[in-house]
Amino acid sequence: MSAAEARVLAPVLPPEVVAAIEAEIPNYPVKKGAMMNSLHHVQKALGWIPRDAMVEVAALLEVRPIEVLEVVTFYPMFRDRPVGRHHLEFCRNLSCALLGSRQLIRHCEKRLGIRSGETTSDGKFSIGEAECLGSCGTAPMLMLEDHFHENLTVEKLDQLLDSLD
Amino acid sequence: MSALPWLLPESGLDLSALADYRARGGYQTALDAIRTKKPEEVTAIVKDSGLRGRGGAGFPTGLKWTFMPPPDGKARYIACNADESEPGTFKDRQILERNPHQLIEGLLLMGYAIHATAAHIYIRGEFAQPYYNLKRALDDAYAAGLVGAGAHGEGRDFHIQITRGAGAYICGEETGLMESVEGKKGQPRKKPPFPAQAGLWARPTTVNNVETISHVPFIVREGAAAFRAVGTEKCPGKTIYGISGHVVRPGTYELPIGVTLRELIYDYAGGIRNGRQLKAVIPGGSSAPVLTADKIDVKADPESLREVKSVLGTGAVIVMDDTTCMVRAAMTVSRFYRHESCGQCTQCREGTGWTDRVIKRIEAGEGTLKDLEVLDDLVRAMDGQTICALADAASWAAGGFLRVFRDEFVRHIEEKRCPFDESFEP
């Protein structure tokens, strides 16, 4: 990002996120070591990691903003753009695929009227696909925020969608 | 009072609470060893046990520990690999969710043996609940004075820190993992230098998997002979096999190494779902070359599986029934490696993408026989040419499907369509 972009006009990180990042730093011999956990704190609070937040994280960890940007864009879990309020991430790897993850994704697409990778126009739902989430014994499954929903069926998926406001 | 488990507590039980773990004698092995044994003695027991790494490569654990240089008073690290992400693998998660203190006790013992000053546990980002569980356990262990200042005896501190990954498979590779712990992109490093020479922050580091380290309390407590009493001569002990796919009872099974795939599939996992027949098995995570149904009397240990041209890998058994299209299975796996290639080596970056495109084309009925030669070339070009083993894994996986189920690829090409109408969709 350019120098102009790198200027933070207004802080976007809530004070508790700044505090959480500052608490991570002493656990590493080099401040940059706190990068991954810091970005998780940011994403949990904001739902994604905006450029301004990257600049703030860079300042806290005493690195250049580009060093944060390259980490955010390297890791599939970090989002550099917003997703829906409820982001449904379906596992599509072999064990889940064998037990029907594609049918579940298609059902979800049909019900929400969006394609995988998109967000509903009201910003409520988005659908994504992930590689193996380490839940193969309880396939098929999806991840919603911090939780795994396992042994999914179309009925259970419908119940889950109904339960989200 | 129940005894401590080898790895996982009895079905349905959870030892995540410090009081429950300690009530069974948990942490006593580490406390006693630190008080009464020299670090080299702990290493010797682990070496004698014959424990081999459970993260996929199967390297002898005790031997790996001896690669650490003599202590020089500065920082030395353990990097604990909790990035479990080899497709089909979900065993370390069981330990993280149900017996996290055993991992922490294993780290205490390992750290003592190799004179480490700290351990960095790298846990995959999607394992949020396992992370919270482990973090709670670690906070409790700190509060009880088991970890931290003086944990390795008077004046000898040992810290444990947890770093969360964020969805990149490559960070399960040991040097990619270390890059990520340092707050960078997880692009693997060239070796040498090896981690024991220059690992985390260029300091001596030993990288071991969660399950590997969690075996250590049992080994030190019960002795090397008790560990060797089960398993095979070259790969002793138990392991947690994970079975998934078209079986009646998918899940994890803690068993002596060397049970046969037939026992795993039919006795433990209850056989094939919906009354179907078995068609193929991937015995050790998606990198392991696929096997046909007639091979399942093989023992699931590294040496026996090598004889049938596959690997034990992470002990993750993926079972496919007779509806399954092997080109679609190959496509699902090749898409994964393409997605996960970190991009720094040409053979991997281009090879995984090319492999994926060609297999996709064949599945769509648009392939030619020439495409099979292209795939053969790619499989050769990706193996053993790159900084890390991701391209090797992609090569073995695709090469396995091509070698074992070549007739199915040919049928797709000749019939110009996928002939398996009932198969799963990738």
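A salt bridge is a side-chain nitrogen of Lys or Arg within 4 Å of a carboxyl oxygen of Asp or Glu. The exercises below concern a predicted model.

**Exercise 1.** Determine how many salt bridges cross the interface of chain B and chain A, and examine the pair A:Glu70 and B:Lys185.

*Solution.* The rule finds 3 salt bridges across this interface. In the pair of A:Glu70 and B:Lys185, the closest N and O atoms are 3.7 Å apart. The cut-off is 4 Å, so this pair forms a salt bridge. Polar contacts form a further count: 23 residue pairs between chain B and chain A, both residues at pLDDT 80 or more.

**Exercise 2.** Describe the extent of the interface and the side that chain B contributes.

*Solution.* Begin with the residues: 59 of chain B are in contact with 41 of chain A. Next, the area buried between the two chains is about 4,000 Å², and carbon and sulfur atoms give 58% of this. On the chain B side, B:Ala166, B:Lys185 and B:Glu425 lose the most area to chain A, together 15% of what that side buries. Finally, the residues of chain B that touch chain A divide into 26 nonpolar, 21 polar and 12 charged.

**Exercise 3.** Decide whether B:Lys309 is buried or exposed, and locate its surroundings.

*Solution.* B:Lys309 has 55% relative accessibility. Exposed means over 50%, and therefore B:Lys309 counts as exposed. B:Lys309 lies in the loop between helix 12 (302-307) and strand 9 of chain B. Leaving aside neighbours within four places in sequence, B:Lys309 is in contact with B:Pro289 and B:Arg403. The C-alpha atoms of B:Lys309 and B:Gly400 are separated by 8.5 Å, although the two residues are 91 residues apart along the chain.

Key:
Residues numbered from 1 in each chain as written. Chains lettered and ligands numbered in written order. Predicted model: local features only at pLDDT ≥ 70, side-chain atom pairs only at ≥ 80, totals over all residues. Heavy atoms only, no water. Contact = heavy atoms within 4.5 Å. Buried area = accessible area lost by both parts, 1.4 Å probe. Polar contact = N/O pair within 3.5 Å; in protein donor to acceptor, adjacent residues only side chain to side chain. Nonpolar A, V, L, I, M, F, W, Y, C, P; charged D, E, K, R; others polar. Helix = DSSP H or I, 4+ residues; strand = E, 2+ residues; numbered from the N terminus. Buried < 20%, exposed > 50% of the residue type's maximum accessible area, 1.4 Å probe, protein only.
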